[in-house]
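Q: Could you take me on a close look at one strand of this protein and how it pairs with others? I'm new to this, so please explain the terms as you go.

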Amino acid sequence: MKFRKILSKVVLVSLALGVLYVSFPVLAQETAEKPVPEVKVKSPRGDLVPLKIKLPKPLFIGTPRSIRTPNLEKITGKKRPPFLAPKGTKNVALKKAVAASDEEPIIGELEQVTDDDKEGADGSFVEFGPGRQHVQIDLGKVYEMYAIVVWHYHAQARVYYDMVVSVADDPDFIKGVKTVFNNDHDNSSGLGVGKQKEYIEVNEGRLIDTKGVRGRYVRLYSNGSTSNEMNHYIEVEVYGKEPSGPAPVAVPPPPPPPPAKAKETAS
Ligand SMILES: [Ca+2]
Ligand SMILES: [Ca+2]
């Protein structure tokens, strides 16, 4: 009888350890990091160098909350690899004017979206109303953008829904609109179906590779999060340069196929 009691305890402890391992896969991962070698790559746009992105303090480790959404990316727990951009690329959104669909945030001020404070604590985020909302940054002139980095909220693991990021030449988003990110896989925000995945917010923010797209205005949509219906922004950075040379020429669409000949009916 005593042996059976001990055996059942052993089984219970093993089960508990198994649950812990499944809940915190990040803790079980290798954390040793290799030093990042200095990378310099030649490209048609000049020398590429790693972007220097100053990160705020992390406020949680791993994925302490089990988050289930249908479009979530695979969690690796790995840090973002260095991002290469042409030499001289800098944050051109710093201290630039911010507008929003909700002009009177519930918490904070619009200026905080571009004030360089990326900390996750209370006092560093702006809270906008429920449902689909957007913030918009006027860069002041047209830039060639290589990366947009966004921090919504990182004091707690959560996923923001229906994130859509576009650039345009005008504040009403009519001229030269290009969408650089969209993870609204079911078009619940009505801006079109997106192919990107949802992700859990962390202190390194989310970097969107914008591949040198040109525009003056940047707009970012969201539609609540796994935590609540509100929308939050801590900081948005736009890494860009003044355009060098003419804008890349759009490839003209292929000519329409010749009109089909009327089929001759076999007699
Ligand atoms: Ca800020
Ligand atoms: Ca959606």
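A: Let's start with a definition: helices (H or I, at least four residues) and strands (E, at least two) are DSSP runs, numbered from the N terminus. With that in hand, the protein has 1 helix and 12 strands, and the helix comes before the strands as you go from the N terminus. Keep in mind that this is a predicted model, where local features need pLDDT of at least 70, side-chain atom pairs count only at pLDDT 80 or more, and totals for chains, interfaces and linings use all residues. Residues are numbered from 1 along each chain as its sequence is written, while chains are lettered from A and ligands numbered from 1 in the order in which they are written.

Now for the strand itself, β8, which covers residues 164-168. Of its 5 residues, 4 are buried (20 or more other C-beta atoms lie within 10 Å of the residue's own; exposed is 12 or fewer, partly exposed is in between, and C-beta atoms are placed from the backbone). Across the whole protein of 267 residues, 28% count as buried.

What does β8 pair with? Two strands pair if DSSP finds at least two bridges between them. One partner is β9 (residues 178-182), joined to β8 antiparallel by 4 bridges; here V165 has F181 as its bridge partner. Another is β10 (residues 206-222), also antiparallel to β8, with 5 bridges, and there V167 is matched with V218.

How confident is the model? The mean pLDDT (the predictor's confidence in each residue, from 0 to 100) is 85 for the protein, and 75% of its residues reach 70 or more.
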